[in-house]
Amino acid sequence: MRTYTMQESTQVANRATADITQWLQNSPRTISIQNVENDPHYRAIDVDLLVTTDRGESKLEIKGDRYHKTGNFFFETHSNREKDTPGCFLYTAADWLCYYFVKIGLLYLLPMPQTRDWFLDNLDRFQSKSTTTPIRGGGHYTTVGRLVPIAVVLQEVPEVKTYQLPSAWDGKSTQGQ
C-alpha cells in the first residue's frame, strides 16, 4: 500500500487541471471553459470543468495520476474507506472522465456513464488496491479502488479517446507552469 502526502496529491490534481485547461483553451472547437472545482453544487456531483465547444456543453471530471508505467487506470471505489464515502468514479455526474498521466502528458477521455456501467459489470475481473493519505493533526484516510488495465478499457469501452498533450511534468514544482 502506497502512502501519499496531501501536498503530493494536490500538486498532481492542480497540474492535471492546468494542463487539461490549457489544452482545451488551445482547441479551435472550444468556446468557453468554466472551472467549478470550488463550487459546492459541482463538488457534490464531482465535476471539475464545464466546457462549451461547437458541439455543445460537457461536464468534465479530472483525475491526475503519476503512475503511467503500471499500464492501469485506478478507478476509485471508496474515496475514504474510514468514512465509507464512495469513490468519485462511482458517482460523478460528468459526461467525460479526463484520466491524465501527468508525467508523460497522456490524456484519456472516458465517456461516462458508459465507462462506469462497464466497470461495474466487470468489477470482479480487477484487483483491489488501496492507498493512504495522512491527515493534518494525525491519522490518515484510505482510498480504495481497482486496477483496470488500460488496454482492456480501450478494447471494451467504445468512444474512449486518447490525446498526447504537449506538456510533461517532473513532479518537482507547479510554480510558474
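A pocket here is an open set of grid points, on a 1 Å grid over the protein atoms alone, with protein on both sides within 12 Å along at least five of seven lines. Keep that in mind for a later stop. The model in your viewer is a predicted one.

**Start with the whole chain**

Colour by secondary structure first. You should find five helices and 11 strands. Now colour by burial: of the 177 residues in the protein, 44% are buried. If you draw a contact map, take the contacts between residues at least 6 apart in sequence; 63% of these join residues at least 24 apart.

**Select strand 8, residues 106-111**

How many of the residues of strand 8 are buried? Six of its six are, and the strand is mostly covered. Turn the view to look at each face of strand 8. On one side sit L106, Y108 and L110, on the other L107, L109 and P111, and the residues of both sides are all buried.

Next, add the partners of strand 8. Strand 7, residues 96-101, pairs with strand 8 in the antiparallel sense, with six bridges. To check the register, pick W96, which stands opposite P111 of strand 8. Then follow the hairpin that links strand 7 and strand 8: there are four residues between the strands, and G105 has a positive phi near 70 degrees.

Now bring in strand 11, residues 161-164. Strand 11 and strand 8 run antiparallel and are joined by four bridges. Click Y108 and look across to T162, its bridge partner in strand 11.

**Open the second largest pocket**

Stay with these strands, as some of their residues return here. The second largest pocket holds about 470 Å³ of space. Its lining has 17 residues, and the closest to the pocket centre are T53, R55, W96, L109 and Y163. You have already met W96 as the residue opposite P111, and L109 as one of the buried residues of strand 8.

Which elements supply at least two residues each to this lining? Select helix 1 (6-25), strand 3 (49-53), strand 4 (56-65), strand 7 and strand 11. Colour the lining by residue class and you will see nine nonpolar, five polar and three charged residues.

**Look for the closed space**

Hide the pocket and search for cavities. There is one cavity of 30 Å³ or more, with a volume of about 40 Å³. To show its walls, select K63, F74, F75, E76, C88, F89, L97 and Y99. Strand 5 (72-80), helix 3 (88-91) and strand 7 each give two or more residues to this lining. Strand 5 gives the most, with three residues. By class, the cavity lining has six nonpolar residues, two charged and no polar ones.

**Visit the hairpin of strands 9 and 10**

Select residues 127-134 and 140-149. These are strand 9 and strand 10, an antiparallel pair with eight bridges. T133 is the residue to pick for the register, as it stands opposite Y141 in strand 10. The two strands form a hairpin with five residues between them, and in the turn G137 shows a positive phi of about 90 degrees.

Follow strand 10 to P149, which belongs to this strand. Buried or partly exposed? P149 is partly exposed, because its relative accessible area is 27%. Now draw a C-alpha to C-alpha distance from P149 to N72: the two are 77 residues apart in sequence and 4.2 Å apart in space. With neighbours within four places in sequence left out, the contacts of P149 are G71, N72 and F126.

**Two residues to finish**

Zoom in on T30 in strand 2, residues 30-35. T30 counts as buried because its relative accessibility is 18%, and the cut-off is under 20%. A polar atom of the T30 side chain lies 2.7 Å from the backbone oxygen of L24. Beyond four places in sequence, T30 is in contact with L24, V51, T52 and T53; T53 is also among the residues closest to the centre of the second largest pocket.

Last, select V47, in the loop between helix 2 (40-44) and strand 3. V47 is buried, with a relative accessible area of 1%. Show the residues around V47: not counting those up to four places away in sequence, it touches V36, Y42, K59, L60, E61, T92, A93 and A94. For a final distance, go from V47 to C88, 41 residues away in sequence and 9.4 Å away in space, C-alpha to C-alpha. C88 is one of the residues that line the largest cavity.

Notes. Residues are numbered from 1 along each chain as its sequence is written. This is a predicted model: local features need pLDDT of at least 70, side-chain atom pairs count only at pLDDT 80 or more; totals for chains, interfaces and linings use all residues. Side-chain values use heavy atoms; hydrogens and water are left out. Buried means under 20% relative accessible area, exposed over 50%, partly exposed in between (1.4 Å probe, protein chains only). Two strands pair if DSSP finds at least two bridges between them. On a 1 Å grid over the protein atoms alone, a cavity is a set of points where a 1.4 Å probe fits but cannot get out, and a pocket is an open set with protein on both sides within 12 Å along at least five of seven lines; lining residues have an atom within 4 Å of a point. Grid points are joined across faces, edges and corners, and a volume is the space filled by probe spheres set on the points. Ala, Val, Leu, Ile, Met, Phe, Trp, Tyr, Cys and Pro count as nonpolar, Asp, Glu, Lys and Arg as charged, and the others, Gly among them, as polar. A polar contact is a pair of N or O atoms within 3.5 Å; within protein, one must be able to donate a hydrogen and the other to accept it, and residues adjacent in sequence count only if both atoms are side-chain atoms. Contact means heavy atoms within 4.5 Å.
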